[in-house]
Amino acid sequence: MILQIQNLEEYQQVYQRSVADPEAFWAEMADSFVWKKKWDRVLDWDFRTPKVEWFSGGQLNITENCLDRHLESRGDQVAILWEPNDPEGETVRYTYRELHAAVCRAANALKANGIGKGDRVCFYMPMVPELAIAVLACARIGAIHSVVFAGFSATALADRVKDATCKMIICSDYNSRGAKNIPVKKVVDEAMDMGCDSVTRVIVHRNTGGEVAWNDRVDRWWHEEVDGQSSDCPAETMEAEDELFILYTSGSTGKPKGVVHTCGGYMVYTCFSFKNVFQYQDGDVYWCTADIGWITGHSYIVYGPLLAGATTLMFEGVPTFPDAGRFWQICEKHQVNQFYTAPTAIRALMARGDEWVEKYDLSSLKVIGSGGEPINEEAWNWYNEKVGKGQAPIVDTWWQTETGGIMITPLPGITDTKPCFAAYPMPGIQPVLMNADGQEIEGNDVEGLLCIKFPWPSMIRTTWGDHDRCRNVYFSAFADKYFTGDGARRDAEGRLRIIGRVDDVINVSGHRMGTAEVENAINQHGHVVESAVVGYPHDIKGQGIYAYVIADRTDAEPLRREILEVVTKEIGPIAKPDKIQIVPGLPKTRSGKIMRRILRKIASGDTGNLGDVSTLLNPEVVEAVKEGAV
């Protein structure tokens, strides 16, 4: 069994051991799993290249550790508990034995449709058990899964399919979300018309039974392909450094990056972090409200919990349907013990009033978590008092798509908690604060740029098809360090607080949006001359998107509506600007660089001190932008 820290003294000892001899520590953690062949070398790394290899020479299959090894001891225990969008709908349960059989049938169906080791399979699906089953089926046969959040547009989906040259897309007919039925297959059809020539098969899960267009050449029904397949599928032998999945994330340049995670190290770290951050015990019911389209769903709905032999709850719906008590009704119904959600959801539910929480018995909760973005103090206190009742500690977690697992967090009942502080590094994680000159900032009560100075098992290995981009984005800013892109503050006791992004990335409801990506979409409008996008403080989302637009039209309101339509088409509704200001010009330096610092201040309403604007190419435009702020 993987190590689970029990008290503060043990955390301190384990942490010291993990940084004094990382290779021995992670080898000990890796020994908890089933390996087809033990590794030859624990770690080989060079951040300059970058090259990071954990457990090289080791052979395994992650699904044997998620499923097969649990069959004897917990075959009849519930592995996945699924709660549908409709509160009147039926809860679905898969025991470990049933899940193993379902994964094997799906894996055989994938093989029957020409999918093999190394092939990429794209998912564009709602939160249904078949998504988790098919993701695991890919891992079973060595195919690489790439899950795209089913709220992205056809254009965004096509870009990701083409970048990874996916051979198959697995989708649903429709996605049930709140009161809406969203036409998922229709979006896939539109993406296919955009030149996804690598795709030879589209598998469609019948989710709602709604009418869909059909192409007999490529389209197949999930149930027709999977039903009748053998429930025996030997697990493909994978090298520890073989790719497990690609997950696309926005960056500070326009094109999304395909973050690559590999089999061995990701397995070890996600299980270790899950067991320790959530202090999961046998018999607990754990619920992460994220979508599997994001890294949180990969690591803490599917892989981490199943590797640990947990019962993991999946939810299809939204927190406010049919009312703002839905989360708490589910917690009461299933006696949830660990609950993990995003600050956006907490703020949205807090705004609806305390009565929705107070209606339900939440006494089963032992740990409540927050992740995806920094949580503000008011939301932290409400979550602590109204949901945790002051009894269930909050784990305010910091991590990224690129880190694979939670990096900085309190450990519940072990380390202290402080509002808004992610607090302490996990064992094996070595964070440092750097100044702009590349020097490490020592001591406490300081602020700087957050970097990690030593590799950890679940970290990014490359960006798909473009290793130089991986080096330039993450490893070039500071010598021999992984740069997170976040600023952080270390308090007098050594706790870390994440301040937010320091690059051109906006954290909207826990989802990273590159400003360049949104600008590129806005600029697709025929009457837009130029645009600049910045983030600004938003009461619910944490950060909102503020777009400054130069256009050759003066009818502002129709133009705003059209721009929103273009962004929805190019990226998806998730990227729609909250505010669009039509401006006569943008403040620029004499070299032509947009002064985003000024635009950020105006967007946040902080216009009292914009600094010296006299050196700008066009200082007069600043007053005009200030006067027209929305």
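Q: Taking buried to mean under 20% relative accessible area, exposed over 50% and partly exposed in between (1.4 Å probe, protein chains only), which residues of strand β26 are buried?
A: In β26 (residues 505–508), V505 and N507 are buried on one side and I506 and V508 on the other, and both faces of the strand are covered. Strands here are DSSP runs of E with at least two residues, and helices are runs of H or I with at least four, numbered from the N terminus. This is a predicted model, in which local features need pLDDT of at least 70 and side-chain atom pairs count only at pLDDT 80 or more, while totals for chains, interfaces and linings use all residues. Residues are numbered from 1 along each chain as its sequence is written, and side-chain values use heavy atoms, with hydrogens and water left out.

Q: And what does β26 pair with?
A: Strand β26 runs antiparallel to β27 (residues 511–514), with four bridges joining them, where pairing requires that DSSP finds at least two bridges between two strands. Within that pairing, N507 stands opposite R512 of β27.

Q: How many residues sit between β26 and β27?
A: Two residues lie between them, the strands form a hairpin, and S509 in the turn has a positive phi of about 55°.

Q: Switching to the sheet with β18 in it, what's the strand order?
A: The order is β5-β4-β17-β16-β18-β19-β20, an open sheet of seven strands with mixed pairing. Its edge strands, each pairing on one side only, are β5 (92–95) and β20 (394–396). On average, neighbouring strands of this sheet are turned by 20° against each other, direction ignored, with axes taken as lines fitted to C-alpha atoms (for helices over the stretch in contact) and angles otherwise running from 0 to 180 degrees between N-to-C directions.

Q: How does β18 pair with β19, parallel or antiparallel?
A: Strand β18 (residues 338–341) pairs with β19 (residues 367–370) in the parallel sense over four bridges, and Y340 has G369 of β19 as its bridge partner. Strand β18 also runs parallel to β16, joined by three bridges, with F339 as the bridge partner of W287. As for its side chains, Q338 and Y340 point one way and F339 and T341 the other, and all are buried.

Q: Which helix packs on that sheet?
A: Helix α11 (residues 295–307) does, touching β4 (78–83), β16 (285–288), β17 (311–315) and β18, and its direction makes about 165° with that of β16; contact means heavy atoms within 4.5 Å.

Q: What about the start of the chain, where do α1 and α2 cross and at what angle?
A: The axes of α1 (residues 8–20) and α2 (residues 22–30) come within 5 Å and cross at roughly 115°. Residues V14, R17, S18, V19 and A20 of α1 meet P22, F25 and E28 of α2. By class, this contact has five nonpolar, one polar and two charged residues, counting Ala, Val, Leu, Ile, Met, Phe, Trp, Tyr, Cys and Pro as nonpolar, Asp, Glu, Lys and Arg as charged, and the others, Gly among them, as polar.

Q: How many aromatic pairs are there?
A: The structure holds 40, where rings of Phe, Tyr and Trp (its six-membered ring) pair if their centres lie within 6.5 Å, and planes under 30 degrees apart count as stacked, over 60 as edge-to-face and the rest as tilted. One of them joins W26 and Y269, whose ring centres are 5.6 Å apart with planes at 55°, so the pair is tilted. This pair links distant parts of the chain, since W26 is in α2 and Y269 in α10 (residues 263–277), 243 residues apart.

Q: Does Y269 have another ring partner, and if so which?
A: Y269 also pairs with F272, tilted as well, at 6.4 Å centre to centre and 50° between the planes. Both residues lie in α10, three residues apart, about one turn of the helix. Elsewhere, ring pairs link W45, F47, F454, W456, Y474, F475 and Y482 into a cluster.

Q: R48, is that buried or exposed?
A: R48 is exposed, with a relative accessible area of 60%, and it lies in the loop between β1 (41–46) and β2 (51–56). Leaving aside neighbours within four places in sequence, R48 is in contact with R471 and D480.

Q: Last one, how many disulfides?
A: A search of the whole structure finds zero, a disulfide being a pair of cysteine sulfur atoms within 2.5 Å. For C171, the nearest cysteine sulfur, that of C122, is 9.4 Å away. C171 counts as buried because its relative accessibility is 0%.
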